[in-house]
Amino acid sequence: MQRPIALFTDFGMAGPYLGQMKAVLAKAVPAAPVIDLMADAPAFDPRASAYLLAALVPEMPERCVVLAVVDPGVGGARRPLVAEADGRFLVGPDNGLFEPLLRRAGQARTWEIRWQPQRLSASFHGRDLFAPIAARLARGDSPEAAGCEAVEPPRLPHWPDDLAEIVYVDHYGNAMTGLRADAVPGTARLRVGEQVLACADTFSAVAPGRAFWYRNSVGLVEIAVNRGRAADALPGLSVGSAVVLERNPDAAAEQNR
Amino acid sequence: MQRPIALFTDFGMAGPYLGQMKAVLAKAVPAAPVIDLMADAPAFDPRASAYLLAALVPEMPERCVVLAVVDPGVGGARRPLVAEADGRFLVGPDNGLFEPLLRRAGQARTWEIRWQPQRLSASFHGRDLFAPIAARLARGDSPEAAGCEAVEPPRLPHWPDDLAEIVYVDHYGNAMTGLRADAVPGTARLRVGEQVLACADTFSAVAPGRAFWYRNSVGLVEIAVNRGRAADALPGLSVGSAVVLERNPDAAAEQNR
Amino acid sequence: MQRPIALFTDFGMAGPYLGQMKAVLAKAVPAAPVIDLMADAPAFDPRASAYLLAALVPEMPERCVVLAVVDPGVGGARRPLVAEADGRFLVGPDNGLFEPLLRRAGQARTWEIRWQPQRLSASFHGRDLFAPIAARLARGDSPEAAGCEAVEPPRLPHWPDDLAEIVYVDHYGNAMTGLRADAVPGTARLRVGEQVLACADTFSAVAPGRAFWYRNSVGLVEIAVNRGRAADALPGLSVGSAVVLERNPDAAAEQNR
């Protein structure tokens with residue numbers, strides 16, 4: 001049984017990029033299920049993408065190969081990487097994209113891809129380098145058999161455990177942060193620009209038109225407006241915008257007296 | 001042989017929602033074909049979506065499971081439903097989404113989903129509740145075996161048999177109504193705002209730039225402009241806009257004299 | 001083993017069109033891999049689409065069936081066609097869409113589709129005519145067995161071998177031309193409106209914000225801006241815009257003295 005392959009990229013659904021990557025997979029492992037996880041990861045932004053990816057990967061099948069490409073440095077010096085985190089493989093650039101995921105994993109190993117394809121375009125390593133390696137792993141080869149060499153996990157110790165920024169604005173205008181809701185008490189307030197938002201369990205617990213934060217379906221703190229678009233209602237709510245968590249707002253108010 | 005699964009949602013192609021639903025399907029029924037029917041059904045609008053869905057489902061494979069989620073009441077009181085209509089299964093919220101389909105079906109049965117997943121997020125029943133049930137049906141389980149209980153078909157008698165509103169505006173700017181063309185004589189006029197449109201068989205039968213209505217490829221009355229975008233040419237043509245059918249325009253003109 | 005099927009259309013990812021075509025394929029050849037090559041080919045523009053398609057098809061699996069529909073004349077007089085080019089099948093309208101591909105192929109044959117479906121809508125031959133034929137070819141039938149008759153390859157001798165126009169603007173704002181980079185020396189300049197662009201091997205070889213041309217990952221001359229969007233930086237850069245290749249700019253400068 002071949003491993004399923006999940007695709008996480010900033011290539012966009014439009015255009016000929018995803019299709020070419022899938023053609024490589026269809027040639028090599030035609031029976032492997034391919035899951036379009038998302039193709040609109042924060043463009044050119046491995047850091048925001050990394051915190052989003054870390055929240056999404058646990059939703060993928062357990063033996064999945066995640067082909068993750070947000071790679072502004074393509075053609076430059078960053079290494080091509082394979083990682084294994086709690087049974088799932090990750091394939092992509094060594095630019096921090098796997099950092100939060102590896103940090104949170106119970107078991108993690110990493111390899112550098114030494115294999116070189118016959119054709120390596122300067123701009124499309126997703127098709128030429130990462131997809132062929134993902135296909136090898138999907139059909140059951142070990143990273144070593146696929147031409148990878150074990151390396152120390154790269155680490156970016158200055159990156160936070162949770163990112164207090166917007167990492168994604170969805171179709172409905174809701175804005176996800178890089179903060180895991182498990183680490184945030186329901187009494188906490190979220191400051192976004194001039195506004196201070198309280199927590200709600202569900203949309204319907206809030207008056208129409210009112211902004212709030214809630215634990216979203218992948219466990220992240222997300223900003224929403226009941227029957228509205230948070231991204232329109234709150235000025236400046238876009239990928240990269242900072243949010244401020246006030247864990248103990250009443251005490252803060254107390255101290256201010 | 002597993003049943004194919006067709007996805008009809010308002011989740012958007014972008015973002016991580018379809019992908020997570022597909023991951024659930026890939027885990028449970030990796031060999032079932034998954035058809036992205038559409039992901040841009042009228043957002044938060046089960047009524048417009050319902051008339052569109054009723055026109056599209058007959059195009060799906062005969063033993064298909066249609067996973068249909070347009071669900072503004074997620075987390076609220078609406079029931080989760082399975083329906084069987086002429087051999088196809090439907091899985092989704094009990095908010096009218098299946099009303100026209102069930103009304104038109106030769107044979108229809110309905111079940112309420114009693115099964116409860118271990119994790120049920122407040123905002124993503126598509127992934128947590130409906131997709132697992134769709135997977136059970138796709139692999140051949142009966143609704144009862146999947147934890148559903150037969151119930152009387154819900155009915156919304158005040159909904160019309162055909163909806164005289166725009167239910168979808170496509171990529172080319174064409175606007176579909178919820179009216180089945182079979183029930184409309186070719187001599188009928190369609191009034192949209194100030195304009196009155198005649199029927200044409202094909203685009204090329206009409207002068208460039210001219211608006212008309214025609215029977216579209218799923219049998220609905222659709223408004224188009226030859227070599228143009230109806231949605232741009234006719235003001236106010238968006239999902240929810242009312243249209244008026246004048247079945248006997250010459251007689252009407254006669255009476256007005 | 002069934003042939004994989006690649007989809008190249010101007011239907012858009014949104015809406016119910018791709019899904020209906022895939023439903024036809026899922027009914028007929030449920031085990032054939034389906035590759036969404038692209039759904040945003042230049043709309044209503046078989047000529048721009050043809051030069052893009054010719055660059056993309058070599059990336060598809062060798063025994064692939066390419067279902068290619070950019071068909072402004074649907075319902076009119078253009079013939080429905082099957083072509084075989086170097087082992088791959090193409091299915092679509094006879095409107096030039098396969099012209100550059102057939103011209104470049106080592107081995108090419110063509111057939112006219114004589115088979116008539118029971119239902120042939122006026123506006124959706126992709127679903128009713130081309131997809132069923134693609135499915136027959138994917139499961140191993142010959143064109144003759146699928147109801148096609150060998151014809152002389154249609155030819156459009158007035159079309160150029162390479163198209164000096166923009167044929168696609170991608171998600172990142174990069175603009176592909178219909179010019180194959182193999183035929184263009186790296187010393188050549190590309191004139192786009194008032195600007196004259198030099199070649200660069202990689203994005204990072206160019207100052208941020210600067211426009212250049214390079215050989216893209218499918219071998220076409222593409223216009224880009226390092227850390228920017230070429231389509232925004234260069235006025236008038238859209239599908240159909242002409243570009244001028246100056247193969248020997250220094251000699252030209254010399255002559256101008």
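Start by selecting Glu112(C), which you will find in strand β6 (residues 108–113) of chain C; bear in mind from this point on that what you have open is a predicted model. Is Glu112(C) buried or exposed? With a relative accessibility of 13%, Glu112(C) counts as buried, because the cut-off for that class is under 20%. If you now show what surrounds Glu112(C), leaving aside neighbours within four places in sequence, the residues in contact with it are Arg79(C), Pro80(C) and Leu81(C), together with Gly147(C), Cys148(C), Glu149(C) and Val151(C).

Stay in chain C and move to Ser241(C), which sits in the loop between α5 (230–233) and β14 (244–246) of that chain. Ser241(C) also counts as buried, because its relative accessibility is 15%. Which residues does Ser241(C) touch, not counting those up to four places away in sequence? They are Ala164(C), Glu165(C), Ile166(C) and Gly236(C). Of these, Gly236(C) deserves a distance label, since its backbone oxygen lies 2.5 Å from a polar atom of the side chain of Ser241(C).

Next, select helix α2 of chain B, residues 46–56. Here 10 of the 11 residues are buried, so the helix is largely enclosed by the rest of the structure. Colouring the buried positions of α2(B) will pick out Pro46(B), then the run Ala48(B), Ser49(B), Ala50(B), Tyr51(B), Leu52(B) and Leu53(B), and finally Ala54(B), Ala55(B) and Leu56(B).

Now show the chains together and turn to how the copies are related. Chain A is superposed on chain B by a rotation of 120° with 0.0 Å of shift along its axis, at an RMSD of 0.0 Å. To place that axis from the side of chain A, select Met13(A), whose C-alpha is the nearest to it in that chain, at 4.4 Å. The copies use different surfaces, in that 4% of the contact residues of chain A recur in chain B.

The step from chain B to chain C can be followed in the same manner: a rotation of 120° with 0.0 Å of shift along its axis superposes the one on the other, again with an RMSD of 0.0 Å. This is the relation of a three-fold axis. In chain B the C-alpha nearest the axis belongs to Met13(B), 4.4 Å from it. Only 4% of the interface residues of chain B are also interface residues in chain C, so these copies meet through different surfaces.

With that arrangement in view, select the contact between chain A and chain B, to which chain A contributes 23 residues and chain B 22 residues. The area buried between chain A and chain B is about 1,900 Å², with carbon and sulfur atoms giving 63% of it. Which residues of chain A lose the most area to chain B? They are Glu59(A), Tyr172(A) and Ser217(A), which together account for 32% of what that side buries.

Keep Glu59(A) selected and add Arg127(B): the two form a salt bridge whose closest N and O atoms are 3.4 Å apart. Between chain A and chain B the count is two salt bridges, and nine residue pairs are in polar contact, both partners having pLDDT 80 or more. Highlighting strand β2 (residues 34–38) of chain A then shows the element that gives the most to the side touching chain B, with four residues. Coloured by class, that side of chain A has 14 nonpolar, three polar and six charged residues.

The last stop is the contact between chain B and chain C, where 23 residues of chain B meet 22 residues of chain C. The buried area is about 1,900 Å², of which carbon and sulfur atoms give 63%. On the side of chain B, Glu59(B), Tyr172(B) and Ser217(B) lose the most area to chain C, together 31% of what that side buries.

Here select Glu59(B) with Arg119(C), which form a salt bridge with the closest N and O atoms 2.8 Å apart. Across the interface of chain B and chain C there are two salt bridges, along with 10 residue pairs in polar contact, both at pLDDT 80 or more. Strand β2 (residues 34–38) of chain B provides the largest share of the side that touches chain C, namely four residues. By class, this side of chain B comprises 14 nonpolar, three polar and six charged residues.

Technical notes: Residues numbered from 1 in each chain as written. Chains lettered and ligands numbered in written order. Predicted model: local features only at pLDDT ≥ 70, side-chain atom pairs only at ≥ 80, totals over all residues. Heavy atoms only, no water. Contact = heavy atoms within 4.5 Å. Buried area = accessible area lost by both parts, 1.4 Å probe. Salt bridge = Lys/Arg side-chain N within 4 Å of Asp/Glu carboxyl O. Polar contact = N/O pair within 3.5 Å; in protein donor to acceptor, adjacent residues only side chain to side chain. Helix = DSSP H or I, 4+ residues; strand = E, 2+ residues; numbered from the N terminus. Nonpolar A, V, L, I, M, F, W, Y, C, P; charged D, E, K, R; others polar. Buried < 20%, exposed > 50% of the residue type's maximum accessible area, 1.4 Å probe, protein only. Least-squares fit on C-alpha atoms with pLDDT ≥ 70 in both.
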